[in-house]
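Biologist: I should be grateful for a close look at a single part of this protein, set out for a first-year student. Please take the nonpolar core and describe it together with its surroundings.

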Amino acid sequence: MSAAFSVKRTPTSAPFWEGLERGELTMQRCAACGTWVFYPRRRCSSCLSDRLGWHAVEPVGTIHTVTVTHRPTAPIFAGELPQVIAIVELADGVRVTTNIVGDDPSSLRIGQRVIAVFDRSASGEVLLRFRPDPSIAS
């Protein structure tokens, strides 16, 4: 990353960011209905239960949808154009909004397997990004 980045942690989102710092991807799952929840919330987006727990998930998935922007979505990304924004469906079924890094954007495909990258900024914050899985030939 080209600029300093600061995450505004809340009591609700702190376990997600702490997991990234450890190189671990954690997501909330509702104990009442089993729904995976992302972005971190205080209540289940499906049944509104407050019985959400944090669980480690496999940091691999597939590209569900992808788009390329030539304008930064935030000032810290100004030096990272074009920016590839994607929804990645993790192996456990939860979908996350993220960035795809490390490949020519024109080579990315829906359904392509990707793996997590725990990207540490100059200020020490960690962002979740994904890159194409190098073990899978395109």
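Modeller: What follows is an account of the core, of the aromatic rings and the sheet, and of one buried polar residue. The model is predicted, and every value below is computed from it.

In soluble globular proteins, nonpolar side chains tend to be buried together. The largest nonpolar core here has 25 residues. Those that touch the most other members are Phe-16, Leu-25, Met-27, Val-88, Leu-90, Ile-100 and Phe-130. Two or more residues of this core come from each of helix 1 (14–21), strand 5 (83–90), strand 7 (113–120) and strand 8 (126–132).

Ile-100 offers a useful place to begin. Leaving aside residues up to four places away in sequence, Ile-100 touches Ile-63, Val-84, Ala-86, Val-88, Leu-108, Val-114, Phe-130 and Pro-132. Two of these contacts, Val-88 and Phe-130, are themselves among the core residues that touch the most other members.

Phe-16 leads to the aromatic rings. Its relative accessible area is 6%, and it therefore counts as buried. Trp-17 is buried as well, at 16% relative accessibility, because buried means under 20%. A pair of aromatic rings is described by the distance of the centres and the angle of the planes. The whole structure holds 3 aromatic pairs. In the pair formed by Phe-16 and Trp-17, the ring centres are 5.2 Å apart and the planes stand at 80°, so the arrangement is edge-to-face. Ring pairs also join Phe-16 and Trp-17 with Phe-38 and Tyr-39 in a cluster.

The next subject is an open sheet. Its 3 strands follow the order 2-1-3, with antiparallel pairing. Strand 2 (36–37) and strand 3 (52–56) lie at the edges; each has a single partner strand, so one side of each lacks a neighbour in the sheet. Helix 1 packs on this sheet and touches strand 1 and strand 3, and its direction makes about 145° with that of strand 1. Strand 1, residues 26–30, pairs with strand 2 in the antiparallel sense over 2 bridges. Within strand 2, Trp-36 is the residue that stands opposite Arg-29.

Finally, there is a polar residue to consider. Gln-112 is found in the loop between strand 6 (95–99) and strand 7. Its relative accessibility is 14%, so Gln-112 counts as buried. A polar atom of the Gln-112 side chain lies 2.9 Å from the backbone nitrogen of Arg-109.

Note on methods: Residues are numbered from 1 along each chain as its sequence is written. This is a predicted model: local features need pLDDT of at least 70, side-chain atom pairs count only at pLDDT 80 or more; totals for chains, interfaces and linings use all residues. Side-chain values use heavy atoms; hydrogens and water are left out. A nonpolar core is a set of buried Ala, Val, Leu, Ile, Met, Phe, Trp, Tyr and Cys residues joined through side-chain atoms within 4.5 Å. Buried means under 20% relative accessible area, exposed over 50%, partly exposed in between (1.4 Å probe, protein chains only). Helices (H or I, at least four residues) and strands (E, at least two) are DSSP runs, numbered from the N terminus. Contact means heavy atoms within 4.5 Å. A polar contact is a pair of N or O atoms within 3.5 Å; within protein, one must be able to donate a hydrogen and the other to accept it, and residues adjacent in sequence count only if both atoms are side-chain atoms. Rings of Phe, Tyr and Trp (its six-membered ring) pair if their centres lie within 6.5 Å; planes under 30 degrees apart count as stacked, over 60 as edge-to-face and the rest as tilted. Two strands pair if DSSP finds at least two bridges between them. Axes are lines fitted to C-alpha atoms, for helices over the stretch in contact, and angles run from 0 to 180 degrees between N-to-C directions.
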